[in-house]
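Let's take a walk through this fold, from its sheet to its charged pairs and then its empty spaces. Keep the 3D view open and turn it as you read.

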Amino acid sequence: MERNHLIKPTLDQDYPTISHGNGIYLYDTDGKQYIDGSSGAVTASIGHGVLDIVEAMTEQARKVSFAYRSHFTSEAAEALAKKLSELAPGDLNWSFFVNSGSEATETAMKIAIQHWQEKGFERKNRIISRWTSYHGITMGALSMSGHVPRRKRFVPLLEDFPSISAPYCYRCPHNNETSGCKLKCADELETAIQRVGSENIAAFIAEPIIGASAGAVTPPDGYYQRIKEICETYDILFIADEVMTGIGRTGKMFAMEHWGVTPDIIALGKGMSAGYTPIAATMITDRVMEPILKGSKSIMAGHTYSANPLSAAISLEVLSYIERNDLVRAAEEKGQYLFKKLQGLAEKFDIIGDVRGKGLLLGLEFVSDRVSKTPFDLQIGLTPRLVNKAFAKGLIIYPAAGAIEGIAGDAVIISPPLIITNEEIDRLVMILEASLDELQQELHAEGLIEDMQAI
């Protein structure tokens with residue numbers, strides 16, 4: 001047998017080889033069809049094989065594919081930055097282009113710190129973040145992440161940034177029911193600031209809807225309004241990590257629009273290019289940029305492929321495609337339809353404890369007992385078992401396990417491309433139902449659950 005040279009996510013696992021994609025479907029080299037029920041890693045928002053994007057890609061490649069940002073700007077990068085400023089709320093008028101979401105959040109951290117340095121506040125260099133969060137895999141981004149399994153190997157090298165609880169209503173950190181919520185999880189930010197000292201804190205970072213580390217955990221109404229109020233009171237910048245939620249995914253162009261809150265800095269990625277090229281962005285308000293413009297006139301960040309003309313042209317066409325086809329509204333409407341379908345599954349399967357999310361960023365959390373909300377131990381491997389069963393049946397869903405301090409909690413994200421039809425949603429749910437049926441029967445046979453409704 002020929003040896004492998006490619007490092008894959010699991011080294012001893014055999015992966016099918018991708019052949020091509022079309023719309024919401026992917027095909028392997030054996031001809032098997034898969035519904036891309038997670039848009040890859042919540043990325044392929046406009047579906048696969050869109051010829052408009054291929055044409056824009058080809059047109060730019062014929063002109064120039066690469067130019068180093070220290071030597072040239074490009075029409076594509078300038079136009080993309082302008083377009084983003086038009087789409088974004090408030091005065092988020094500046095864009096710094098990078099290659100991945102991890103780079104975007106790390107650049108956001110650096111810009112926040114530099115903002116205060118340029119104003120003469122050298123000590124304001126710490127970031128407050130939340131447990132049960134994920135902001136990326138580079139060291140700075142991982143320092144801001146509260147995802148225990150991803151942090152575990154590197155803790156000695158990381159900054160001790162995560163400080164407060166996530167707004168995890170299904171498992172409220174303050175044991176409040178949503179109806180009696182006093183936004184204590186938001187008030188934790190004020191406590192953390194007082195403990196560390198606002199004179200030492202540059203910014204607070206949060207995912208509008210928590211993705212990979214918890215499966216579409218959505219905060220209660222009023223949460224982000226309170227967060228923004230606290231940040232302004234203590235002169236701390238608010239960074240929204242919209243890498244997963246941005247560019248239409250939740251039924252708004254930016255997820256923060258659901259709460260009418262404008263962050264000081266936004267990190268974008270994933271849906272910004274819909275998977276057609278590696279590109280991401282850090283967007284900054286005029287207010288945050290002002291001392292830098294008056295001071296050093298240079299942001300201390302950058303990568304070889306930053307503002308790459310080819311990637312910028314592709315991203316610009318993706319944004320245009322989303323607007324031309326009204327896909328933000330489609331995400332809201334199709335999301336409502338899918339949400340009701342998932343609620344129907346929750347009525348059938350006892351192991352589904354919660355259905356949550358907005359637009360086409362939806363999550364299911366699984367429990368061994370719905371009344372007590374008792375989670376499964378991670379050693380049972382419920383999440384990967386469900387993901388693998390669905391994959392075998394031709395449905396791709398996204399795993400989100402370990403939300404409970406990294407030792408328990410099983411969830412998946414359902415986030416198909418925004419172009420999905422109701423008929424395709426029906427087929428997606430049918431395959432998911434068959435996968436859940438098979439899994440719940442196994443769990444019952446193994447004595448891990450007492451009763452089951454789906455047989």
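Start with the sheet in this predicted model: seven strands make up an open sheet, and if you step across it you meet them in the order β4-β10-β9-β8-β7-β5-β6, with mixed pairing. At the edges sit β4 (94-98) and β6 (162-164), each of which pairs on one side only. As you go from one strand to the next, the twist averages 25°. What holds such neighbours together? Strands of a sheet pair through backbone hydrogen bonds, and they can do so parallel or antiparallel.

For a pair to look at up close, try β9 (residues 265-268) and β10 (residues 280-284), which run antiparallel and share four bridges. Isoleucine 265 has isoleucine 284 in β10 as its bridge partner. Now bring in helix α3 (residues 75-87), which lies across β4, β9 and β10 and runs at about 125° to β4.

Next, switch on the charged side chains. How many salt bridges does a search of the whole structure find? The count is 26. One of them joins arginine 226 to glutamate 190, with 3.3 Å between the closest N and O atoms. Arginine 226 belongs to helix α8 (residues 223-233) and glutamate 190 to helix α7 (residues 184-196), so this pair ties together parts that are 36 residues apart in sequence. Glutamate 190 counts as partly exposed because its relative accessibility is 23%, and the buried class takes in values under 20%.

Lysine 294 and glutamate 290 give you a salt bridge inside a single helix, at 2.9 Å from N to O. The two are four residues apart in helix α9 (residues 286-294), so about one helical turn separates them. Is lysine 294 buried or exposed? At 63% relative accessibility lysine 294 counts as exposed, while glutamate 290, at 38%, counts as partly exposed.

Now find lysine 393 and glutamate 438, whose side chains meet in a salt bridge at 3.0 Å, N to O. Lysine 393 sits in the loop between α12 (382-392) and β13 (398-399), and glutamate 438 is in helix α13 (residues 422-445), so the pair ties together parts that are 45 residues apart in sequence. Both partners count as partly exposed: lysine 393 has 34% relative accessibility and glutamate 438 has 31%. They also have company, since a network of salt bridges links Arg385, Lys389, Lys393, Glu438, Glu442 and Glu446.

That leaves the empty spaces. Rolling a probe the size of a water molecule over the atoms shows where they are. The largest pocket has a volume of about 1,000 Å³ and a lining of 24 residues, with Pro9, Gln13, Tyr15, Phe391 and Ile396 nearest its centre. Which elements give two or more residues to this lining? They are β2 (25-28), α12 and β13. Of these, α12 gives the most to the lining, with four residues.

There are also two cavities of 30 Å³ or more. The second largest cavity holds about 60 Å³ of space. Its lining includes Trp131, Thr132, Gly146, His147, Val148 and Pro149, along with Ser213, and from further along the chain Gly402, Ala403, Glu405 and Gly406.

Notes. Residues are numbered from 1 along each chain as its sequence is written. This is a predicted model: local features need pLDDT of at least 70, side-chain atom pairs count only at pLDDT 80 or more; totals for chains, interfaces and linings use all residues. Side-chain values use heavy atoms; hydrogens and water are left out. A salt bridge is a side-chain nitrogen of Lys or Arg within 4 Å of a carboxyl oxygen of Asp or Glu. Buried means under 20% relative accessible area, exposed over 50%, partly exposed in between (1.4 Å probe, protein chains only). Two strands pair if DSSP finds at least two bridges between them. Axes are lines fitted to C-alpha atoms, for helices over the stretch in contact, and angles run from 0 to 180 degrees between N-to-C directions. Contact means heavy atoms within 4.5 Å. On a 1 Å grid over the protein atoms alone, a cavity is a set of points where a 1.4 Å probe fits but cannot get out, and a pocket is an open set with protein on both sides within 12 Å along at least five of seven lines; lining residues have an atom within 4 Å of a point. Grid points are joined across faces, edges and corners, and a volume is the space filled by probe spheres set on the points.
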